[in-house]
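Please open the model in your viewer and keep the selection tool at hand. The stops below go chain by chain, and then to single residues.

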Amino acid sequence: MFHIYCPYCEELREEEEFHPKGQAHIARPEEPDACNDEEWGDYLFFRDNPRGIHHEMWLHAVGCRKFFNITRNTVSYEILETYKMGEQPTITAEHLAREEKTAREEKTDSAQVAEGGQQTVGASDAAVASIKGAQA
Amino acid sequence: MSNSVHVYDARADHATVTAESPLAYSYQRSGMPAPGEASGEESCAVIGERAFLGHLILRGGAIVLDEALREVLGIGLPGRPNSLNVDAEGQRSVQWLSPDEWLLIVPGDETFGLETRLRAQLGGAHVAIVDVSAGQTLIELTGEAAHEVLMKSTVYDVDPHAFTVGKGVTTLFAKTSVILRRPDESRWELIVRRSFADYVYRWLLDAGEEYGIGVARESRHESQ
Amino acid sequence: MQRYSGFGLVKHALRHHEDWQRQWRNPTPKPRYDVIIVGGGGHGLATAYYLAKEHGITNVAVVEKGWLGGGNTARNTTIVRSNYLWDESAALYEHAMKLWEGLSQDINYNVMFSQRGVLNLGHTLQDMRDIQRRVNANRLNGIDGEVLDAEGVQSLVPIMDCSKRARYPVMGASWQPRAGVARHDAVAWGYARAADALGVDLLQNTEVTGFKIRDGQIQGVHTNRGDIEAKTVGCVTAGNSSVLARMAGFNLPLESHPLQALVSEPLKPVLDTVVMSNHVHGYISQSDKGDLVIGAGIDGYNGYGQRGSYPTVEHTLQAIVEMFPIFSRVRMNRQWGGIVDTCPDACPIISKTKVKGLYFNCGWGTGGFKATPGSGHVFAASLAKGEMHPIAAPFSIDRFHSGALIDEHGAAGVAH
């Protein structure tokens, strides 16, 4: 059960008011006619589907009826942030992986930190940069 | 740029058909119990329909719409999401629905004049104004158990301390959606779509049974 | 392998059940196999079994990160049917259906396959047109099917509300008599035991952590129990397929969603068939233990958590009570979720990949259990021969680039 903060309504609302709408930050090819079948198929159908940090679109269907983005852990279901359309996430898998690495290095003993079996891949920094490039 | 939108007066005096409220059918089919009629005790929840009000949807930029509305109506757009501005007489209100969308409700016979004046004031601004008066109706819920009836019906927190006066939201109500708002201490307002009005009415009668719910007299004979 | 039989049962009873053999060994991984199957669910175990039985390839390892049949095999609602609309999927599911019909004898394990029939209800005129179209298509493909009217449905399921006063009155249904249910755990265990007897190594608690790839050819897998080599690797990991594909360096056209199911307290027998409804969106059968087994649609968001949201449970039960007012006071005992890997066209992927020797069998979405024997059978043939079995060929991953989709959304009993 999610309690979702709508960045437009500026308050937490019940999951039932929302519809999930799939992976966020997928840039439509600028010139669809220039795409080959592989590029177009990749754009239409192929998804990251990460086990771990995921950036996805949601629609506040019974509410303000705006699309927005959620960064969420697909294993623990924890919502890490919500942000408006057109904005970029401040929390990414790379960002969390770096933090975890730093935290591990700070530990003086050599005890291993459990990874929790989570894959820390989402929209990569590089992918986000390329999206930014496409929007600029 | 000229204002080329043709504005249509839906309440023109020469109309030959009698308008009926979206609940007219429901009153016939499901009845109109008087408050406390069924239980014989005093009623703690009362339904009252305010039919035939003028409902206008305003879309566009907040600044330009706010200026025009202040000029024409004397009240501005609410500054915060999920909030509601009501004029001094309590007859006209404007509610935030979305970052670029507001609901304006005025007495029915003012609708056409207001829309015309708003359009004139806005000139060629990039806005949309739609008269949705015929598509929805306003149901008032009063009485000390009003919020308890709502608690049974919606996932939104309607505790009077959380849902303060001046708040208004779009949310789920039973299996449909409503615009729910609280213009003053004693009243809750539900704005429901015409095609779901019967469903909401019957739901309210059922949910309010334990509070001796009934329909206020004045709403029974109101007509255009 | 100790064969199971009525006589054997008596013999063991006389010996106080003290010398039953373990159903399968717990072997140590060998450094090298001919074929590695990643994923020890029904589909993976069936693949291993048919590799050994039909193709004589017995130097096979099934690598499973948890325990056998612990994923979606243990989490589904056990419905088996083959009344799919399109020729490609009808061929695949009917292939499975024919194998189901002889499965208990084949693997000497009672999978409790019960052909009690499946009803797909129609609640609107459009539903009924779709049902007629699908049943006609099924019959042209040699698959049994009938179109029933509301009275026909009522006579099959007397406890269902088929009256006109229902919110969505039942107008009729498609009826596949050969369809039914099977005992999900027994399917995994039966295949496991039979594969093990033919020499397949079932490696539990062995998690694949990466692939060894050289010059575009698969060389083996890295696991938490060391590296294992093989020139042929088949991934049959359902909801986790995208995770494995990423390890191999590519994406799949999949999204993993939670799909929930629930069972009630046990009741006396009241429902002797399977009832599915697309329109009110719920499906129900009664297990041999007596509990009602109930399922519905997926949760719309991506999730690997094996749990979904309560609103989905609520909507499912509303649908069930709508159809069966008699169940309104039944208490639910348990509720759980599986991770289903859904494809854009609601059909599976049985395919080669960009990496030579690496095959994927995934994307079964909500409809994997019913295909278990067929999926394993055609996947084994493909792995053995290095080219896709004719039934599997249309389900290549290439269809998402060529556009030759097999759009089963309208045909699956409960599509997603």
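Select chain B and display its contacts (heavy atoms within 4.5 Å): among those between residues at least 6 apart in sequence, 67% join residues at least 24 apart. The model is predicted, so local features need pLDDT of at least 70 and side-chain atom pairs count only at pLDDT 80 or more, while totals for chains, interfaces and linings use all residues. Residues are numbered from 1 along each chain as its sequence is written, chains are lettered from A and ligands numbered from 1 in the order in which they are written, and side-chain values use heavy atoms, with hydrogens and water left out.

Stay with chain B and switch to a cartoon, where five helices and eleven strands appear; these are DSSP runs, H or I of at least four residues for helices and E of at least two for strands, numbered from the N terminus. Along the principal axes, the C-alpha atoms of chain B fill a box of roughly 60 × 45 × 30 Å. The radius of gyration of chain B is 18 Å, which agrees with the value near 17 Å for a compact globule of 224 residues, where the radius is taken over C-alpha atoms and the globule rule is 2.2 Å times the number of residues to the power 0.38. Colouring by burial (buried under 20% relative accessible area, exposed over 50%, partly exposed in between, with a 1.4 Å probe and protein chains only) shows that buried residues make up 52% of the 224 residues in chain B.

Next, select chain A, whose elements run β-β-β-α-β-β-β-α-α from the N terminus on. Of the 136 residues in chain A, 44% are buried, and among contacts between residues at least 6 apart in sequence, 54% join residues at least 24 apart.

Within chain A, pick Asn49(A), in the loop between helix 1 (37–45) and strand 4 (53–59). Its phi is near 45°, a positive value in a residue other than glycine. Most residues other than glycine have a negative phi. Is Asn49(A) buried or exposed? Asn49(A) is buried, with a relative accessible area of 0%.

Finally, move to chain C and select His17(C), in the loop between helix 1 (6–14) and strand 1 (35–38). His17(C) also has a positive phi, about 55°, although it is not a glycine, and at 44% relative accessibility His17(C) counts as partly exposed.
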